[in-house]
Amino acid sequence: MRVAPEGKPFIAIGWAVMAIAIAIAWLAGGRWWVTLPVLWAPIALWVPWFFRDPVRNGPRGADLVVAPADGRIVSVAEVDEPDFLRGKARKISVFMNVCNVHVNRYPVDGTIEYRHYRPGSFVNASLDKASVDNEQMSLGLRTVRGPVLVRQIAGLVARRIVTDAEVGTAACQGDRLGLIRFGSRVDTFLPLDAQVSIRVGDKTKAGITVIGRWPS
């Protein structure tokens with residue numbers, strides 16, 4: 001299983017605690033001490049699983065928009081997007097729970113022309129107010145079909161957004177964009193002429209699920 005590099009320190013801590021718990025149980029003896037490693041084992045196993053980074057080979061094409069995140073569609077709405085699209089846009093929101101893969105991927109090919117980090121609060125990322133209030137990182141992509149904005153939004157327990165690329169970087173559809181640790185959300189903003197291919201409640205896989213199409 002491939003693991004995101006950001007997870008390695010957490011994995012090391014998890015297994016170090018596991019080793020200490022086993023050592024204590026061994027030295028102290030008695031069945032009660034054995035419960036220490038037994039109780040910690042699920043956490044030590046869950047951490048590397050959470051930071052898994054599977055290879056994703058999905059549909060690709062200049063006419064397609066693929067999901068930037070694994071999770072569930074919690075909102076499809078027409079909104080104002082003043083930062084990069086500078087007007088009305090279609091916003092598609094994917095909520096990631098702690099069981100989803102948290103590596104994010106570029107939904108389209110393009111060039112990064114806008115990058116902006118904004119600190120904020122940490123309300124439940126499944127709520128629509130998270131798009132306004134929570135810590136977030138926005139990337140604006142210039143494509144051959146039009147502008148696309150991807151916004152990583154921290155969740156209730158997340159405190160760290162990782163975004164790999166800087167302004168001027170070429171983005172390749174389906175490649176890794178970054179990662180958000182623990183529960184979080186990713187919003188994709190498309191021009192109004194783009195066609196949305198999903199609806200609220202649908203499940204998505206980053207780099208595989210088609211969430212939109214450009215008009216022919």
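**Exercise 1. Find the residue in β10 that is the bridge partner of Arg-105, then place the two strands in their sheet.**

Solution.
- The bridge partner of Arg-105 in β10 is Arg-176. The model is predicted.
- β10 covers residues 176–180, and three bridges join this strand to β4. The two run antiparallel.
- The open sheet has three strands, ordered β4-β10-β8, with antiparallel pairing.
- β4 (103–105) and β8 (161–163) are the edge strands. Each has a single partner strand, so one side of each lacks a neighbour in the sheet.
- On average, neighbouring strands of this sheet are turned by 25 degrees against each other, direction ignored.

**Exercise 2. Classify the ring pair Trp-46 and Phe-50.**

Solution.
- The whole structure holds four aromatic pairs.
- For Trp-46 and Phe-50, the ring centres are 5.2 Å apart and the planes stand at 35 degrees. Stacked needs under 30 degrees and edge-to-face over 60, so the rest count as tilted. The pair is therefore tilted.
- Both residues belong to helix α2 (residues 31–50). They are four residues apart, about one turn of the helix.
- Their accessibility is as follows: Trp-46 is partly exposed at 28% relative accessible area, whereas Phe-50 is buried at 1%.
- Phe-10, Trp-46, Phe-50 and Phe-51 make up one aromatic cluster.

A further ring contact involves a charge: the charged end of Arg-52 sits over the ring of Trp-49, 3.9 Å from the ring centre.

**Exercise 3. Check the span of α2 and locate its bend.**

Solution.
- α2 has 20 residues. The expected span is 1.5 Å times one less than the number of residues, which gives 28 Å.
- The end C-alpha atoms of α2 are 30 Å apart, which agrees.
- The helix bends by about 30 degrees at Ala-41. A proline, Pro-42, follows within four residues.
- Buried residues of α2 include Pro-37, Ala-44, Val-47, Pro-48 and Phe-50.

**Exercise 4. What is the sign of phi at Arg-86, and is Arg-86 buried or exposed?**

Solution.
- Most residues other than glycine have a negative phi.
- Arg-86 is not a glycine, yet its phi is positive, about 55 degrees.
- Arg-86 lies in the loop between β2 (71–81) and β3 (87–96).
- Its relative accessibility is 63%. The cut-off for exposed is over 50%, so Arg-86 counts as exposed.

Definitions and conventions: Residues are numbered from 1 along each chain as its sequence is written. This is a predicted model: local features need pLDDT of at least 70, side-chain atom pairs count only at pLDDT 80 or more; totals for chains, interfaces and linings use all residues. Side-chain values use heavy atoms; hydrogens and water are left out. Rings of Phe, Tyr and Trp (its six-membered ring) pair if their centres lie within 6.5 Å; planes under 30 degrees apart count as stacked, over 60 as edge-to-face and the rest as tilted. Buried means under 20% relative accessible area, exposed over 50%, partly exposed in between (1.4 Å probe, protein chains only). A charge sits over a ring if NZ of Lys or CZ of Arg is within 6 Å of the ring centre and within 35 degrees of the ring normal. Two strands pair if DSSP finds at least two bridges between them. Axes are lines fitted to C-alpha atoms, for helices over the stretch in contact, and angles run from 0 to 180 degrees between N-to-C directions. The bend at a residue is the angle between axes fitted to the seven residues ending there and the seven starting there.
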